[in-house]
Amino acid sequence: MPEAKSSRQDPLRWKKQPVRRTVSQICPPPRRPLTVADIRPGMENERLGVVRDSMFQNPLIVKAELGKPRERSCSLPGVDFNYGLYTRGLDGGVPAAIGHWNVFKQQPTCPHELTRNYIAMNRGAVKAGLVTARENFLYRQLNDIRISDQEDRHVKKELPSLPPNMTFGTPARPSTPFFDLLQHRYQQLWVQEQKATQKAIKLEKKHKVILGKLYETRSSQLRKYKPPVKLDALWHMPHFQKVRPHLSTFPTEADRQRALRAHQDEQAVRQGTLRMGNYTHP
């Protein structure tokens with residue numbers, strides 16, 4: 001009876017305790033390549049015949065096991081191997097920094113070579129009577145004139161002085177005026193400009209001098225007058241003027257005029273010089 005009472009009073013006894021996992025279980029090490037000793041009957045990589053460890057290092061041959069990640073074909077170093085770069089402490093650390101200070105020794109610089117003064121050398125060559133390229137070359141070898149540092153400073157262009165508060169770079173684009181867009185400010189400005197333009201046009205028309213009505217004079221009428229030209233009839237030989245046609249295929253003159261009008265209407269789609277041939281379209 002006391003045992004049953006103690007079991008009722010201890011509720012943590014029946015509660016499932018959390019399982020504690022180690023670091024190797026949470027972050028397992030990378031899987032190493034398979035070997036012949038790891039192959040068991042029924043596995044995907046089981047082979048017949050001669051089997052070597054090199055077969056399981058070829059990624060084209062190794063198959064992935066069911067429910068497991070693919071094995072890597074490259075072999076990994078041992079457990080004692082440290083990945084990454086090893087930085088060797090050459091500065092001595094904090095004690096060396098406190099005890100002494102390494103001063104950088106300035107490297108000896110080569111003397112600055114002065115530029116050649118070609119203007120003075122060419123002037124001297126001309127005064128000496130040397131004009132050919134060979135003579136000028138020999139003269140420059142014997143009389144090598146250089147520009148001093150003080151003269152070189154005057155020759156070189158000095159950089160323009162810039163204000164101390166100058167900002168370099170491209171200026172930023174101004175922000176979009178959203179309030180003007182929401183208030184239709186640009187539409188109002190356009191309407192005002194149109195009204196001002198129309199008002200200016202009306203004022204210009206109002207102040208414009210209105211001329212009176214122009215009357216036509218005799219000289220202006222004669223200037224525009226074109227005398228009519230009398231068209232003379234075509235000349236025909238006298239003995240052919242009263243000759244009537246020998247053949248008339250139309251019953252009446254009205255039929256002849258009707259056929260002539262139909263022929264004129266069809267000239268646009270007929271072939272030939274006189275438009276009397278076949279039609280141009282099928």
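This report describes the fold, one buried residue and the largest pocket of a predicted model.

## Overall architecture

The chain contains ten helices and zero strands. Read from the N terminus, its elements therefore follow the order α-α-α-α-α-α-α-α-α-α.

Of the 282 residues in the chain, 8% are buried. The accessible surface amounts to about 28,700 Å², and carbon and sulfur atoms account for 59% of that surface. Among contacts in the chain with a separation of 6 or more, 31% join residues that lie 24 or more positions apart.

## The environment of Asn45

Asn45 is located in the loop between α2 (23-26) and α3 (93-99). Asn45 counts as buried because its relative accessibility is 1%, and the limit for that class is under 20%.

The side chain of Asn45 comes to 2.8 Å from the backbone nitrogen of Lys63. When neighbours within four places in sequence are set aside, the residues in contact with Asn45 are Leu34, Ile39, Phe56, Ile61, Val62, Lys63 and Glu65. Lys63 thus appears both in this list of contacts and as the residue whose backbone nitrogen is reached by the Asn45 side chain.

## The largest pocket

The largest pocket encloses about 170 Å³ of space. Its lining is formed by Arg244, Pro245, Leu247, Ser248, Thr249, Phe250, Thr252, Glu253 and Arg256.

By residue class, the lining of the largest pocket comprises three nonpolar, three polar and three charged residues. Pro245, Leu247 and Phe250 are the nonpolar members, Ser248, Thr249 and Thr252 the polar ones, and Arg244, Glu253 and Arg256 the charged ones.

Definitions and conventions: Residues numbered from 1 in each chain as written. Predicted model: local features only at pLDDT ≥ 70, side-chain atom pairs only at ≥ 80, totals over all residues. Heavy atoms only, no water. Helix = DSSP H or I, 4+ residues; strand = E, 2+ residues; numbered from the N terminus. Buried < 20%, exposed > 50% of the residue type's maximum accessible area, 1.4 Å probe, protein only. Contact = heavy atoms within 4.5 Å. Areas by Shrake-Rupley, 256 points an atom, 1.4 Å probe, with all protein chains shown as cover. Polar contact = N/O pair within 3.5 Å; in protein donor to acceptor, adjacent residues only side chain to side chain. 1 Å grid on protein atoms, 1.4 Å probe; cavity = no way out; pocket = protein on both sides within 12 Å on 5 of 7 lines; lining within 4 Å. Points joined across faces, edges and corners; volume = space filled by probe spheres on them.
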